[in-house]
Amino acid sequence: MSQTSEFDAPESPVAPSLTKRSRKQKAFAVLAAGLVLGVGATVTLAVWNDSEWVVGGTAGANGGPGTPGVGTSAFEVQQNTSSPFAADEWIDEEGNPGGSLTFTPGALSLTPGDSVYAPVSLSTADGSVAAPSVRLSGAVSATNIPTVDPDALLAGALQLRVVVATTARDAAPAACTDAAFGATATYVVGSATTSAALSTAGTTVNALTADSGNQLNYCFEISLPDDAADTLQGRTVAPAWQFVSASELD
């Protein structure tokens, strides 16, 4: 066993400057390793992931097709100009001149004081929303129908009345004759005692229910006044009317 003598030389202390220098070298080494790791290495962090989807519709069962949940409504008004009325003759005619009115006999050979009549019915189509606003516009010249009426004298002389009645869809309306223009009728143009120019628009707003729910039956009367001038002889006209329908009241 060795003994230390008081005369033995003491251990040399570590210089403070060397300790500080060693610590700095270690710190630089760690920083350098971090830089190298950030540049050249990929660190993968393990996390849980999940997602949830929703759909504007109904998903199909067992992998089958689903059904959409967002869409638009359908709006379609149809006309029926048959006379006598036929329930299977509903058509769409959305451009001028439109569906052909069937006038009572003598429409092409009017003499002063004569009147002729023609019916038309309107209804919404199956699957259509309602039409709470149905308006009759004033007559204009039909497209692509040649006429003989210089200066539109006959068109300006003819007089118009229109009445309307509501029935169930496909119900035969009352006959469109002079009898339809009584005191209790619903007048769209004119009245029981007065008539108006062909260009006169309707004064009433009529309504159609949704999905072929009801039927508006219009009856047109065109008259040549008793005092019609001789210059109106041998003329022809082709007035066209537009029914303007909307899915909301305006």
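The following exercises, with worked solutions, concern a predicted model.

**Exercise 1.** Determine which strands stand at the edges of the open sheet of 3 strands, and explain why one side of each is left without a neighbour.

*Solution.*
Step 1. The strand order in this open sheet is β10-β5-β13, and the pairing is antiparallel.
Step 2. The edge positions belong to β10 (206-208) and β13 (243-246); each has a single partner strand, so one of its sides lacks a neighbour in the sheet.
Step 3. As a further detail, the average turn between neighbouring strands of this sheet is 30°, direction ignored.

**Exercise 2.** State how many bridges join β5 and β13, and identify the bridge partner of V134.

*Solution.*
Step 1. Strand β5 comprises residues 131-136, and its antiparallel pairing with β13 extends over 4 bridges.
Step 2. The bridge partner of V134 is S245, which lies in β13.

**Exercise 3.** Decide whether C176 and C219 form a disulfide or remain unlinked, and establish its handedness.

*Solution.*
Step 1. The criterion for a disulfide is that two cysteine sulfur atoms lie within 2.5 Å.
Step 2. The sulfur atoms of C176 and C219 are 1.9 Å apart, and the two residues form a disulfide. The count by this rule is 1 disulfide.
Step 3. The torsion about the S-S bond of C176 and C219 is about 90°; therefore the disulfide is right-handed.
Step 4. Distant parts of the chain are linked by this pair, whose members are 43 residues apart. C176 belongs to the loop between β7 (159-167) and β8 (186-189), whereas C219 belongs to strand β11 (residues 215-223).

**Exercise 4.** Classify C176 and C219 as buried or exposed.

*Solution.*
Step 1. A residue counts as buried under 20% relative accessible area.
Step 2. Both C176 and C219 are buried.

Terms used. Residues numbered from 1 in each chain as written. Predicted model: local features only at pLDDT ≥ 70, side-chain atom pairs only at ≥ 80, totals over all residues. Heavy atoms only, no water. Pairing = 2+ DSSP bridges. Helix = DSSP H or I, 4+ residues; strand = E, 2+ residues; numbered from the N terminus. Axes fitted to C-alpha atoms, helices over the stretch in contact; angles between N-to-C directions. Buried < 20%, exposed > 50% of the residue type's maximum accessible area, 1.4 Å probe, protein only.
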